[in-house]
Amino acid sequence: MKFSKVAACSFAALLAVTLRADNARFDLVGPKIDVRVTRGTITLPIAEVPNLQGGDKIWVKADLPASQANHLLIIVTFLRGTTNAPPDDWFTKIETWDKKTAEGTTITVPAEAEQAILFVAPETGGDFNTLRSAVKGKPGLFIRADVDLNEASFEQQRIERYLAAMKTVPQNDQKAIQDRSAKLASTLALKPNADCFKQSVEQQVNCLTQSSAPVLLDDGHGQSIAESLSTGPSSDFINAASYTQPGGAGLYSAYVGAVVDLVHLVTLMHTAQYQYIPAISFPQGSTLNLKLNAPPSFHKPESVIVIGLPAIQKTKLPPLHPHDINQVACLLQPRMILPLEGAPLVFSTSFAHDLVLHLNRTGAATDIPLTPEAFEGGLIVAKEKQRESLQDTKRHDDSAAAAKTDVKIGTSSDLTITGTVRGYFGFDSFEGPTLTLQQVDGKNWKIVGDTQLLAGQDNHLTIKGDGTACVEHIALSNNKDKDVEVTFKPAGTNEGKDANNTLDLEVPLKKVQPGGYSLAIQQYGSSDKNNVPLTAYTGDIHLEGIKIHQGDNKAILTGAGLKDVVSAQIADQAFTPAPSGNDDKTVHLDAKAGVSLGESKDATVKLKDGRTMTVKISAEGARPALTLLSFNDTPTQQSGAIPISLGMKDEIPISSKLTFVVQTKEVFPRTQTVEVSTGSGLVHTSLSIAASNLILQDEHTAIATLNPLTAFGQSAFGKLQMRPVAEDGTSGDWTSLGTLVRTPQITVIRCTTPDAPTCTVEGTNMFLVQSFGADKDFAKPAEVPTGFAESTFSVPTPADGKTLYLKLRDNPDAVATMTLPTPVENPAPAPAPSPDSNTAPDGHPAPAPQSQPPTPDPAKPSTPPAQPPTEAPVTPK
């Protein structure tokens with residue numbers, strides 16, 4: 001009674017402190033304890049022992065550093081029920097500092113024991129008796145603590161396996177993150193937080209591994225491991241706690257309910273000498289790695305670390321079963337995977353060991369070593385056996401092994417055989433599921449159905465063969481371009497015997513050109529490829545019609561998806577797409593000569609994929625046509641401006657007046673107009689008889705006049721062209737007239753002296769000049785900055801003293817010239833001095849002669865008269 005009162009009073013404060021301490025987060029490293037268990041002639045490390053049985057021998061040794069200063073006491077205790085206190089001889093004291101126990105102590109599990117628990121306590125007077133008295137006084141509390149600690153350890157090992165695998169997934173691969181999480185969750189019976197997948201891709205892994213609270217599902221072993229947390233209020237408490245802010249935010253929040261309950265239990269066991277600290281076990285080999293949620297104290301009340309040992313009970317073998325009962329594994333695959341589920345402890349602990357796949361075929365028995373892999377979602381072929389198999393042949397006859405019906409025995413030449421999973425769970429042998437295995441290459445590949453692959457989009461395809469499990473890789477190939485990877489998976493909708501013989505393919509053809517291809521099928525264990533021919537057709541193409549004028553060599557094809565049109569055959573002429581002006585709905589077609597349609601009503605269109613399609617011809621009357629007989633431009637000189645001579649004959653000053661003569665074969669229609677436009681089509685105008693800028697000379701000939709500056713404004717430049725346009729809007733071909741250019745208005749050119757490097761020009765619109773040059777080679781040009789708006793500009797002094805060269809922005813390939821109104825005279829070279837004239841008789845330099853004023857040349861005026869601008873003659877172009 002006295003003990004109970006002390007426990008109840010002394011630990012009230014500890015409970016509040018412990019619950020505030022980081023929400024019972026287990027992140028402190030505790031001491032290491034080495035444990036091995038021997039049953040009969042077999043000894044296993046503690047990591048491979050899921051349960052104990054009466055008569056087992058437990059070897060315990062503290063794995064403490066050589067510098068361990070504090071003496072620690074290990075007490076191994078066995079329990080037998082909440083109302084049946086254990087006898088004194090069920091408590092074993094191990095003094096870790098004593099040389100007699102330095103190499104370990106062996107304890108035998110009593111026949112009637114139901115639980116085993118281990119304490120680590122500091123050495124104090126009466127420590128062993130005090131702790132034994134506490135356990136015997138309330139054995140139920142320690143039984144509950146042992147169950148909770150074991151369950152928490154099992155749960156945390158599952159979660160840690162999930163966390164470790166998720167941290168290796170590429171952080172920016174959405175599909176990889178979801179696939180890996182789903183596979184791990186299925187294998188380990190976890191339910192990750194689905195809200196994590198609503199975050200950005202970069203945050204999903206962090207959410208799943210740090211802030212997510214994976215909810216534990218059924219562990220596959222029912223209630224045989226621990227009843228208290230798998231059903232009832234405790235289970236509800238765990239799930240509820242994992243979604244609260246205190247519980248859900250912790251890294252170990254999935255089992256926080258068990259931890260909080262455990263803290264409550266050990267609080268009730270507090271005495272004046274001891275405070276109890278729960279430890280979560282992470283077995284690795286023979287070592288129990290411990291994690292604590294509070295630092296141990298070596299001052300009163302001193303700390304006692306409580307460690308749960310495996311439950312003492314009959315073994316329940318793992319209920320492994322195939323993920324898909326119809327799935328076939330490939331025996332030829334170097335890293336063969338057997339997708340299995342139903343027993344998370346197989347993948348999160350080392351309880352299942354020495355696993356093999358026993359091949360059920362005639363000849364020498366073959367057992368292939370297997371290893372559990374949570375990320376792969378099953379058992380994989382082990383690269384090498386991690387330990388020697390147990391040498392107890394009688395264990396395969398153990399009654400605990402699942403009874404299996406007789407399986408069919410195959411031969412080495414059969415397409416498929418069966419294999420049975422065998423191994424050990426702790427000390428007990430077990431026989432797992434029997435699976436179908438493909439052991440030779442598949443063959444007889446063919447495409448199922450009449451699906452047509454369309455280039456430019458992703459396609460779904462189904463192929464069939466005799467055995468599809470050993471397909472390693474599929475690519476789309478044409479032996480010219482780089483192969484295109486094809487993803488595939490077993491067809492899930494097929495039934496019966498065809499379920500394992502078909503594959504669903506996703507064929508990416510967005511960047512693939514139409515044409516002939518093959519599916520190159522690579523199988524495991526073979527360097528040869530099986531090729532299945534197929535054709536990628538042009539997708540989403542629709543032909544509406546071809547419009548053509550009688551006798552024309554141009555046509556227009558309309559429809560949808562026309563970018564893959566190669567040609568069109570109209571009557572006896574082959575038309576091909578024009579180099580420009582085409583899009584997905586309209587293709588302009590050209591031919592070498594005009595075509596006479598005659599009785600032709602249909603045209604044949606050829607596509608890039610080799611197909612041909614028929615399209616209706618819409619025939620119309622001949623398009624209007626004009627012949628340019630002559631063309632003249634008469635420059636209009638601006639008052640006071642110095643004339644600029646253009647460098648090419650086809651250049652047309654924008655300030656000029658254009659006159660050109662056109663002619664038709666037939667009578668010139670009075671409603672027909674002549675459209676004049678720049679090459680870009682941004683500015684245009686129409687000339688017509690009604691507007692009096694198109695005057696008929698006779699029934700076939702018309703004279704057109706146009707002032708570009710008035711018609712187009714000061715911003716027009718570039719290629720100038722004209723074409724006839726009928727009353728209904730039908731237009732003829734364009735005819736080039738020349739290049740429209742703009743020139744600045746330069747009124748003054750000042751050159752100070754012949755020796756000066758530059759002259760100054762004055763005027764407006766200097767920005768229309770790209771550069772000025774002293775000669776036609778433009779060795780040292782004066783570049784006019786873009787957007788130059790000043791009225792004066794420095795230019796090179798003309799090399800010949802009279803001609804200034806210009807490159808206009810509207811046509812920089814041509815060189816224009818300006819003649820200076822007043823040429824710059826180059827000075828006459830000074831005569832070479834004679835030796836006698838420069839030297840005095842005494843050897844000293846002679847004095848310079850008196851300078852004389854120059855004698856004017858009567859044939860050359862000192863100031864040339866201003867030259868009025870002359871009008872250039874109008875010549876045909």
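The S-S bond of Cys-751 and Cys-759 has a torsion of about 110°, so this disulfide is right-handed. The two sulfur atoms are 1.9 Å apart in this predicted model. The protein has two disulfides by the distance rule applied here. It has 877 residues, and 46% of them are buried. Ten helices and 52 strands make up its secondary structure.

**Disulfides**

- A disulfide is a covalent bond between the sulfur atoms of two cysteines.
- In the pair Cys-751 and Cys-759, the two ends sit in unlike surroundings: Cys-751 is partly exposed, at 23% relative accessibility, whereas Cys-759 is buried, at 1%.
- The cut-off for buried is under 20% relative accessible area, so the 23% of Cys-751 places that residue in the partly exposed class.
- Cys-330 and Cys-470 form another disulfide, with 2.0 Å between their sulfur atoms.
- The S-S torsion of Cys-330 and Cys-470 is about 100°, so this disulfide is right-handed.
- Cys-330 belongs to strand 15 (residues 328-330), and Cys-470 to the loop between strand 24 (458-466) and strand 25 (471-477), so the bond ties together parts 140 residues apart in sequence.
- Cys-330 is buried, with a relative accessible area of 2%. Cys-470 is buried too, at 0%.

**The three-stranded sheet**

- Strands 46, 47 and 50 form an open sheet in the order 46-47-50, and the pairing is antiparallel.
- Strand 46 (745-750) and strand 50 (792-796) are the edge strands; each has a single partner strand, so one side of each has no neighbour in the sheet.
- From one strand to the next, the twist averages 35°.
- Five bridges link strand 47 (residues 758-764) with strand 50 in the antiparallel sense.
- Thr-758 has Pro-796 of strand 50 as its bridge partner.

**The eight-stranded sheet**

- This open sheet has mixed pairing and the order 14-16-19-18-17-20-21-15.
- Its edges are strand 14 (321-322) and strand 15; each has a single partner strand, so one side of each is left without a neighbour in the sheet.
- Strand 16 (residues 337-341) runs antiparallel to strand 19, and three bridges join them.
- Pro-339 is bridged to Gly-378 in strand 19.

**Strands 51 and 52**

- In a regular strand the side chains alternate between the two faces of the sheet.
- Strand 52 (residues 816-819) shows such alternation: Ala-816 and Met-818 point to one face and are buried, while Thr-817 and Thr-819 point to the other and are not.
- Strand 51 (residues 803-808) is joined to strand 52 by four bridges, and the two run antiparallel.
- Opposite Ala-816 of strand 52 stands Leu-806.

**Helix 2**

- Which residues of helix 2 (residues 127-137) are buried? Asp-127, Phe-128, Leu-131, Arg-132, Ala-134 and Val-135 are.
- These residues cover an arc of only 160° around the axis, so they lie on the same side of helix 2.
- An α-helix has 3.6 residues a turn, so residues three or four places apart point the same way.

**A buried threonine**

- Thr-77 is part of strand 5 (residues 72-79).
- Thr-77 has a relative accessible area of 0%, so this residue counts as buried.
- Beyond its neighbours within four places in sequence, Thr-77 is in contact with Trp-90, Phe-91, Gln-115, Ala-116, Ile-117, Phe-119 and Val-135.
- One of those contacts, Val-135, is among the buried residues of helix 2.

**An exposed serine**

- Ser-412 lies in the loop between strand 19 (378-381) and strand 20 (416-425).
- Is Ser-412 buried or exposed? Ser-412 is exposed, with a relative accessible area of 57%.
- Leaving out neighbours within four places in sequence, Ser-412 is in contact with Arg-361, Gln-439 and Val-440.
- From C-alpha to C-alpha, Ser-412 is 8.6 Å from Gly-363, and the two are 49 residues apart in sequence.

**The protein as a whole**

- About 44500 Å² of the protein is exposed, with carbon and sulfur atoms supplying 51% of that area.
- Of the contacts with a separation of 6 or more, 66% are between residues 24 or more positions apart.

Terms used: Residues numbered from 1 in each chain as written. Predicted model: local features only at pLDDT ≥ 70, side-chain atom pairs only at ≥ 80, totals over all residues. Heavy atoms only, no water. Pairing = 2+ DSSP bridges. Axes fitted to C-alpha atoms, helices over the stretch in contact; angles between N-to-C directions. Buried < 20%, exposed > 50% of the residue type's maximum accessible area, 1.4 Å probe, protein only. Contact = heavy atoms within 4.5 Å. Areas by Shrake-Rupley, 256 points an atom, 1.4 Å probe, with all protein chains shown as cover. Disulfide = S-S within 2.5 Å. Arc of directions from axis to C-beta.
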